[in-house]
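Here is a quick tour of a single chain, starting with its sheet and working out from there. Keep the structure open beside the text as you read.

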Amino acid sequence: MLGGLRNPAVGLWSVLVSLVLLFPVRGETRPPDALLEYKTTESRILRLHVFYPEGYREAESTRQYPAYIIFHGGGWGGGSPTTHYAECRYWSQRGMLAVAPEYRLRKKDQVEVPLECVKDSKSVIRYLRKNADDLKLDPDRFVVAGASAGGQLAAATSMIHSSELDDGVYDDSISTMAAALILFNPWFKCEPALSPPHHVREGLPPTILFLGDQDPGIPVESLRKYHDALKSAGNESEFHVAFGGKHGFCNGRNPRNRYFYWSLKMQDRFLVRHGILSGEDRVEVPDGFKGLVKELTAKDFQSY
């Protein structure tokens with residue numbers, strides 16, 4: 001049963017539909033700079049939607065950029081990389097190679113989820129590390145992010161290691177550990193073998209967590225326990241709860257979403273603190289925004 005839902009029968013589907021209704025696609029629609037094929041499956045070719053940082057094509061071949069990889073949500077049955085184009089645009093402006101991957105989905109590909117989704121997410125990281133020199137990437141500065149079900153995938157790439165998750169496409173000795181994890185309302189409701197809270201241990205990447213206190217499917221206390229478990233095991237973790245935020249509340253598809261700009265600043269500060277980025281953030285609120293929707297202040301969220 002989904003905690004906080006009045007009608008459990010509505011379940012996950014209602015959460016996902018509400019995300020679409022809350023954040024319709026608006027504003028800038030800059031397409032990705034490249035679509036890179038990283039894996040061929042029985043059902044289709046999977047691609048990475050890639051946004052290059054400024055000067056990337058002209059940069060010397062020895063230049064090494066950090067990478068920002070973000071997995072979309074959708075209950076492992078829907079969703080699209082386009083959901084996170086706004087985030088990718090920002091991080092490319094911040095000097096990172098930003099990547100929004102495709103992965104197999106329950107109905108579209110007729111596969112077992114999230115098992116096959118986790119296999120694909122690990123293949124994404126291994127593809128990028130294997131080709132780091134050609135892609136001008138620093139393999140030690142991979143930031144892996146995800147929203148909802150994508151949050152489970154992002155965390156699983158660093159936290160869950162099993163031969164059952166290695167599909168032979170890439171050398172399984174290639175590490176899938178991130179330098180940092182960014183998780184937005186992560187959906188951990190799957191079998192324990194694939195659920196990150198069941199795999200907390202020492203030596204995990206620094207993690208920053210975001211959740212809205214009005215999320216109908218993820219109680220604040222459940223993610224607080226995950227945050228506390230990470231810290232108790234000796235890991236670094238930040239947890240930010242926004243008052244009034246619902247499922248998918250940090251998404252940037254709606255340029256008037258104040259939570260989006262707040263979360264970017266929080267993420268940027270986090271990555272600078274952990275040595276992945278340097279300098280000031282480049283968060284710019286669109287013209288006219290401040291008069292329509294107020295910015296978040298310390299009274300609008302609680303940090304742990």
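## The sheet

In this predicted model, nine strands form an open sheet with mixed pairing, in the order β1-β2-β4-β3-β5-β6-β7-β8-β9. At the edges sit β1 (34-40) and β9 (301-303), each with a pairing partner on one side only. Going from one strand to the next, the twist averages 20°.

Zoom in on β5 and β6 and you'll find parallel pairing over five bridges. One residue to look for here is Ala145, whose bridge partner in β6 is Ile182.

## Helices on the sheet

Two helices are worth picking out against the strands. Helix α4 lies across β1, β2 (45-51), β3, β4 (97-101) and β5, and it runs at about 120° to β1. Helix α7 also packs on the sheet, where it touches β6, β7 (207-212) and β8 (237-242). The direction of α7 makes about 165° with that of β8.

Lys225 is part of α7. Is Lys225 buried or exposed? Its relative accessibility is 55%, and the cut-off for exposed is over 50%, so Lys225 counts as exposed. Lys225 also has Pro197 as a spatial reference point: the two are 28 residues apart in sequence, with their C-alpha atoms 8.9 Å apart.

## An enclosed helix

Now for α6 (residues 149-159). Why can this helix be called largely enclosed by the rest of the structure? Because 11 of its 11 residues are buried. The run includes Gly150, Gly151, Gln152, Thr157 and Ser158 as well as Leu153 and Met159.

What do these buried residues pack against? The partners are strands β3 (65-71), β5 (137-147) and β6, plus helices α4 and α7 (220-232).

## Nonpolar cores

The largest nonpolar core has 57 residues, and the members touching the most others are Leu48, Ile69, Leu128 and Tyr226. Helix α4 (residues 115-130) is the top contributor, giving seven residues to this core.

Take Ile69 as a way in. Leaving aside residues up to four places away in sequence, Ile69 touches Val99 and Pro101, then Val124, Ile125 and Leu128, and also Phe142, Val143, Val144 and Ala145. There is a second, separate core too, made of 35 residues, with Tyr85, Tyr90, Met96 and Ile276 among them.

## The chain as a whole

Stepping back, the chain has nine helices and nine strands. Of its 304 residues, 57% count as buried. Among contacts between residues at least 6 apart in sequence, 76% join residues at least 24 apart. The chain exposes about 13,500 Å², with carbon and sulfur atoms supplying 49% of that.

## How far to trust it

Mean pLDDT for the chain is 90, and 88% of the residues score at least 70. Where is confidence lowest, and where is it highest? The low end is helix α1 (residues 11-22), with a mean of 36, and the high end is strand β6 (residues 180-184), at 99.

Over residues 1-27 the pLDDT is below 50, although the model gives this stretch 41 contacts beyond near neighbours in sequence. Where pLDDT is low, predicted coordinates shouldn't be read in detail.

Definitions and conventions:
Residues are numbered from 1 along each chain as its sequence is written. This is a predicted model: local features need pLDDT of at least 70, side-chain atom pairs count only at pLDDT 80 or more; totals for chains, interfaces and linings use all residues. Side-chain values use heavy atoms; hydrogens and water are left out. pLDDT is the predictor's confidence in each residue, from 0 to 100. Helices (H or I, at least four residues) and strands (E, at least two) are DSSP runs, numbered from the N terminus. Contact means heavy atoms within 4.5 Å. A nonpolar core is a set of buried Ala, Val, Leu, Ile, Met, Phe, Trp, Tyr and Cys residues joined through side-chain atoms within 4.5 Å. Buried means under 20% relative accessible area, exposed over 50%, partly exposed in between (1.4 Å probe, protein chains only). Two strands pair if DSSP finds at least two bridges between them. Axes are lines fitted to C-alpha atoms, for helices over the stretch in contact, and angles run from 0 to 180 degrees between N-to-C directions. Accessible areas come from the Shrake-Rupley method with a 1.4 Å probe; for residues, only the protein chains shown count as cover.
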